[in-house]
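Work through the following exercises with the sequence and the model side by side, and try each task before reading its solution.

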Amino acid sequence: MRVVFTAAALDDLDRILDHIAENFPTVAEPFRTRLTAVVARIGEWPQSAQHVSDDPGVRMAPLVRYAYNVFYRVTADAVEILHIHHVARE
């Protein structure tokens, strides 16, 4: 299924990548690789991640090795990446 990033998700990603590049430069490329893999999995199996209990229709996929979660929604023709947040952020 086609995967699209919302403007908010792209803003999140820019902030995250800036933070990682500034504070943990050796992690930047592995982080991008992991994120790409998770987004590809979401596109291939969009129903595979858990639902977010307080937001119907939204699912959350963890990046596992990194402390970030990808929040997304499945529509009729695409998967919309809504946000990418650090696990400590509500």
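## Exercise 1: Following the sheet

In strand E3, the residue Met 60 is the bridge partner of Gln 50. This is a predicted model, in which local features need pLDDT of at least 70 and side-chain atom pairs count only at pLDDT 80 or more, while totals for chains, interfaces and linings use all residues. Residues are numbered from 1 along each chain as its sequence is written, and side-chain values use heavy atoms, with hydrogens and water left out.

**Task.** Starting from Met 60, find its bridge partner in E4, and then give the order of the strands in the open sheet.

**Solution.** Begin with the definitions: strands (E, at least two residues) and helices (H or I, at least four) are DSSP runs numbered from the N terminus, and two strands pair if DSSP finds at least two bridges between them.

Step 1. E2 and E3 run antiparallel and are joined by two bridges; they form a hairpin with six residues between them, and Gly 57 in the turn has a positive phi of about 90 degrees.

Step 2. The partner of Met 60 in E4 is Phe 71, and E3 and E4 pair in the antiparallel sense over five bridges. Their hairpin has five residues between the strands, with Val 64 at a positive phi near 60 degrees.

Step 3. Strand E4 (residues 68-74) is joined to strand E5 (residues 79-86) by seven bridges, again in an antiparallel run, and here Val 74 has Val 79 as its bridge partner in E5.

Step 4. The open sheet of five strands therefore reads E1-E5-E4-E3-E2, with mixed pairing. Its edge strands are E1 (3-5) and E2 (50-51), each of which pairs on one side only.

## Exercise 2: Covered or open

**Task.** Decide whether strand E3 (residues 58-62) is mostly covered or mostly open.

**Solution.** A residue is called buried under 20% relative accessible area, exposed over 50%, and partly exposed in between (1.4 Å probe, protein chains only). Four of the five residues of E3 are buried, and the strand is mostly covered.

## Exercise 3: Salt bridges

**Task.** How many salt bridges does the structure hold, and which parts of the chain does the pair of Asp 77 and Arg 2 tie together?

**Solution.** A salt bridge is counted where a side-chain nitrogen of Lys or Arg lies within 4 Å of a carboxyl oxygen of Asp or Glu.

Step 1. The structure holds four salt bridges, one of which joins the side chains of Asp 77 and Arg 2 at 3.5 Å, N to O. Asp 77 lies in the loop between E4 and E5, and Arg 2 in the segment before E1, so this pair ties together parts that are 75 residues apart in sequence. Arg 2 is partly exposed, with a relative accessible area of 48%.

Step 2. Another pair is Glu 29 with Arg 32, at 3.7 Å, N to O. These residues are three apart in helix H2 (residues 28-44), which means that about one helical turn separates them. Glu 29 is partly exposed at 49% relative accessible area, and Arg 32 is partly exposed at 37%.

Step 3. Arg 73 forms a salt bridge with Glu 80, with the closest N and O atoms 3.0 Å apart. Arg 73 is partly exposed, with a relative accessible area of 36%, and Glu 80 counts as partly exposed at 23%.
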